[in-house]
Every structure is written in structure tokens, then in C-alpha cells.
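This report goes through a few features of one chain. Keep the sequence and the 3D view open while reading.

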Amino acid sequence: ASACEEIYVPPGAYFSLTGVVIENSFLRGVLERIGIEPQVERIGRYKSAGDQLLRRDMSDAQRTVSERLVESIYEYFVESISRDKGRTRE
């Protein structure tokens, strides 16, 4: 939609800009069921790639990293559209 000046849709159409979403899959339970024990070495608090194999849910550190990533992507998206349209963010 950022490349368009106007968007036309039929009256019954549904249109929504929902923002940016990140989905994470956690495989600990699946791996346990099939008898696999992952071996992951954690280097630092915010190095959470191995969490997908070791956990059933998101850690606080991974949640922080994911939220910052989504915010960064969203800010870039808004700034790019604003710049391309010659308008301010507001």
C-alpha cells in the first residue's frame, strides 16, 4: 500500500494493517517425545537461538530481544512510508 496514492476496495472488503509480528516455535516437548536431548551451549543472556530447542516457552531475555526487533522493524516501516510519501510520521 505504501506505493499507492489511494486504495480502492469493495464495500464488503476487509482491510487491516496489523503491524509486525514474530512467531517463535519451541520444540522441547516434541524432542522429548521422540527421545532427542539437544545439546546447546549458551554464551550469553541474550544469545537465545538455542531456546527453541531447550524450552517450551519464551524466556524473558528472548522476549526482550524479540520486542526490540519488532519495534525496530516497525519504526523502519513507518519511517520509510513517511519518507516515500513526503509526510511526517504523525
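A nonpolar patch is made of nonpolar side chains that lie within 5 Å, from residues with over 30% relative accessible area and no salt bridge. The model described here is predicted.

## A nonpolar patch on the surface

Seven names belong to the surface patch: Leu 27, Val 30, Ile 34, Ile 36, Val 40, Leu 53 and Leu 54. Together they have about 530 Å² of accessible area.

One of these residues is Leu 27, which sits in the segment before helix 1 (28-33). Leu 27 counts as partly exposed because its relative accessible area is 35%, and partly exposed covers the range between under 20% and over 50%.

## The length of helix 3

Helix 3 consists of 26 residues, 60-85. At 1.5 Å a residue it should span 38 Å, and its end C-alpha atoms are 37 Å apart, so the expected and computed lengths agree. After helix 3 comes Gly 86, which has a positive phi, near 70°.

## The buried side of the helix

Which residues of helix 3 are buried? They are Ala 61, Gln 62, Ser 66, Val 78, Ser 80 and Ser 82. The buried residues of helix 3 pack against helix 2 (51-54).

Ser 66, located in helix 3, can serve as an example. Ser 66 is buried because its relative accessible area is 14%, and the cut-off for buried is under 20%. Leaving aside residues up to four places away in sequence, Ser 66 touches Ile 22, Asn 24 and Met 58.

Terms used:
Residues numbered from 1 in each chain as written. Predicted model: local features only at pLDDT ≥ 70, side-chain atom pairs only at ≥ 80, totals over all residues. Heavy atoms only, no water. Helix = DSSP H or I, 4+ residues; strand = E, 2+ residues; numbered from the N terminus. Expected span 1.5 Å × (residues − 1). Buried < 20%, exposed > 50% of the residue type's maximum accessible area, 1.4 Å probe, protein only. Contact = heavy atoms within 4.5 Å. Patch = residues over 30% accessible without salt bridge, like charges linked within 9 Å, V, L, I, M, F, W, Y side chains within 5 Å. Areas by Shrake-Rupley, 256 points an atom, 1.4 Å probe, with all protein chains shown as cover. Salt bridge = Lys/Arg side-chain N within 4 Å of Asp/Glu carboxyl O.
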